[in-house]
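This report accompanies a sequence and its three-dimensional structure. Please keep both in view while reading the sections that follow.

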Amino acid sequence: MILGIESSCDDSSVALINSKNLELIYHKKISQELEHSVYGGVVPELAARLHTQALPALLNEIKQYFTQIKAIAVTNEPGLSVSLISGVSMAKSLSIALNIPLIAVNHLVGHIYSLFLNSEISLPLGILLVSGGHTLVLNIDKNGCIEILAQTSDDSFGESFDKVAKMMGLGYPGGAIISHLAQSANDKEKFKFSIPLRGDKRLEYSFSGLKNAVRLAIETQGENLQANKANIAYAFEQTACAHIMDKLKLIFKEQNFKHFGVVGGASANPILRHNISELCKEFDCKLTLAPLEFCSDNALMIARAGREKFLRKETLKHKELDISPKSRNLKL
Ligand code: KG4
Ligand code: ZN
C-alpha cells in the first residue's frame with residue numbers, strides 16, 4: 001500500500017491505495033473552510049494548527065494498515081509553507097516509526113493524476129489546471145515532459161472567485177458560492193465586464209483587472225447591492241470563463257491536442273466544464289474531466305502520483321525531504 005498525505009493549503013487529507021491495482025482502500029479529508037470563512041480567505045497559522053489536529057486523527061483511523069504501507073507520499077510543494085510543514089513532519093515521523101521511505105509529490109502533479117485515479121496514465125496530454133493558487137495550461141509529451149503553455153500573471157481563476165465572493169460578503173471559498181448565486185440572476189444583461197486580454201495574442205491569463213471592475217460595480221451599487229449580487233456574480237463568472245476559453249482556443253489552434261484534461265478545484269465550475277467540452281468537440285479532441293469528488297485538494301491524487309515514483313524507486317529518506325512554497329519539480 002501507498003499512504004498519501006495532503007496539507008498544502010486548507011484541507012487535511014489522508015489516503016491509502018493498493019500500489020499494484022490502484023484500488024482505493026481509504027480516503028478522508030477534513031476541510032477547514034468553515035474556520036477560514038469568517039476571515040474571507042485562508043489564515044496560514046490557523047491552517048497549520050488545524051492540520052496538526054486533523055492529520056493525526058485521520059492517521060489514527062488507518063492504524064490497522066500501518067504494517068502494510070510500503071511508502072508515504074506527501075505533498076512538499078507548492079503551497080503555504082506552514083501547511084506543507086504540517087503534512088511533511090507527520091510523514092517524516094511515520095516514516096521513522098515504520099521504517100519506510102518517503103515520496104515527495106508536487107501538488108500540481110497530484111492534480112494531473114486526479115484524471116487517472118483508477119487507471120494508468122495515457123500520454124500525450126494537454127491540461128488546464130485551475131485552482132485557488134494556479135491557472136495553467138500544460139502540454140505533457142509522450143515521455144512525460146511538462147511544458148507550461150500559459151499561466152496567469154496575477155490572480156488565479158479560483159482566487160478571483162474567492163475575492164469577488166469576499167467583496168460581496170458571501171464567505172469562503174467563493175467558487176461554488178458565486179457559481180450557485182449566478183444561477184439565480186434575473187437580469188443577465190445588467191452588468192458587462194470586459195474580457196481580459198481579448199484580441200491580445202499573448203498566451204497569458206490575468207484576472208486582477210476583472211476583479212477590480214467587479215469591485216467598482218459593487219461599490220457603486222449602494223443599497224441596490226443585495227438585489228444585484230446574483231447579476232454581478234453571473235456577469236463575473238461568464239467573463240472569467242470567457243477569458244479562459246479565449247486563450248484556450250488560441251492554444252488548441254497551435255497544439256493539435258488529441259487528449260485534453262481539466263483538473264483543480266475550480267474545474268468543478270459547470271460553465272467551464274460545458275465550454276471546454278464544446279471546444280474539444282470542435283477540435284475533435286478527447287476530453288477527461290477530474291471527477292467532481294476529487295478535483296479539489298485531496299490525498300488520493302497525492303497517493304496516486306506517489307505510486308508512479310514508488311514504481312520508479314524515486315523514494316527519499318526523511319533527511320532528504322524538504323518543502324517549498326513554490327513549484328520546483330513540475331515533472332510526472
Ligand atoms: O484545487 P483546490 O481545492 O485548491 C488549490 O490547490 O488552490 O481549489 C480551490 C479553488 C478555490 O479558489 C475555489 O473557490 C475554487 O477552487 N472553486 C471554484 C469552483 N469550485 C471551487 N471556482 C470556480 N467555480 C467553481 N464552481
Ligand atoms: Zn490544489
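## Strand S6 and its partners

Leu128 of strand S6 has Val262 in strand S9 as its bridge partner. S6 covers residues 125–130 and S9 covers residues 259–263; the two strands run parallel and are joined by 4 bridges. Helices (H or I, at least four residues) and strands (E, at least two) are DSSP runs, numbered from the N terminus, and two strands pair if DSSP finds at least two bridges between them. On the antiparallel side, 6 bridges join S6 to strand S7, residues 135–140. Leu125 stands opposite Ile140 of S7, and S6 and S7 make a hairpin with 4 residues between them.

S6 is mostly covered, since 6 of its 6 residues are buried. Here buried means under 20% relative accessible area, exposed means over 50%, and partly exposed lies in between (1.4 Å probe, protein chains only). Leu125, Ile127 and Leu129 point one way from the strand, while Gly126, Leu128 and Val130 point the other way, and all are buried.

## Basis of the model

This is a predicted model, in which local features need pLDDT of at least 70 and side-chain atom pairs count only at pLDDT 80 or more, while totals for chains, interfaces and linings use all residues. Residues are numbered from 1 along each chain as its sequence is written, chains are lettered from A and ligands numbered from 1 in the order in which they are written, and side-chain values use heavy atoms, with hydrogens and water left out.

## The surroundings of ligand 1

Of the 21 residues around ligand 1, Gly132, Asp162, Gly175, Gly265 and Asp297 come nearest; a residue is near a molecule or strand if one of its heavy atoms lies within 4 Å of it. Helix H4 (107–113), helix H5 (157–167) and helix H6 (174–182) each supply at least two residues of this shell.

Backbone N or O atoms also approach oxygen atoms of ligand 1: the distance is 2.8 Å for Gly132, 2.9 Å for Gly265 and 3.3 Å for Gly158. The protein covers 87% of the 560 Å² of accessible area that ligand 1 has on its own, where areas come from the Shrake-Rupley method with a 1.4 Å probe, and for residues only the protein chains shown count as cover.

## The zinc ion

Which residues are the protein donors of the zinc ion (ligand 2)? They are His107 (NE2), His111 (NE2) and Asp297 (OD), lying 2.0 to 2.1 Å from the ion. Donors are N, O and S atoms within 2.8 Å of the metal (3.2 Å for Na, K and Ca); water is not among the atoms, so sites may look incomplete.

The donor spacing in sequence is H-x3-H-x185-D. Distant parts of the chain are thereby linked: His107 belongs to helix H4, whereas Asp297 lies 190 residues apart from it, in the loop between strand S10 (286–289) and helix H10 (299–311). His107 is buried at 6% relative accessible area, and Asp297 is buried at 13%.

## Backbone features

Most residues other than glycine have a negative phi, and most peptide bonds are trans. A cis peptide bond nevertheless joins Glu77 and Pro78, with omega about -25°. Another cis peptide bond joins Tyr172 and Pro173, with omega about -10°; Pro173 lies in the loop between H5 and H6.

Asn256 has a positive phi, near 55°. Asn256 is found in the loop between helix H8 (225–255) and S9, and is exposed at 57% relative accessible area.

Methods:
Polar contact = N/O pair within 3.5 Å; in protein donor to acceptor, adjacent residues only side chain to side chain.
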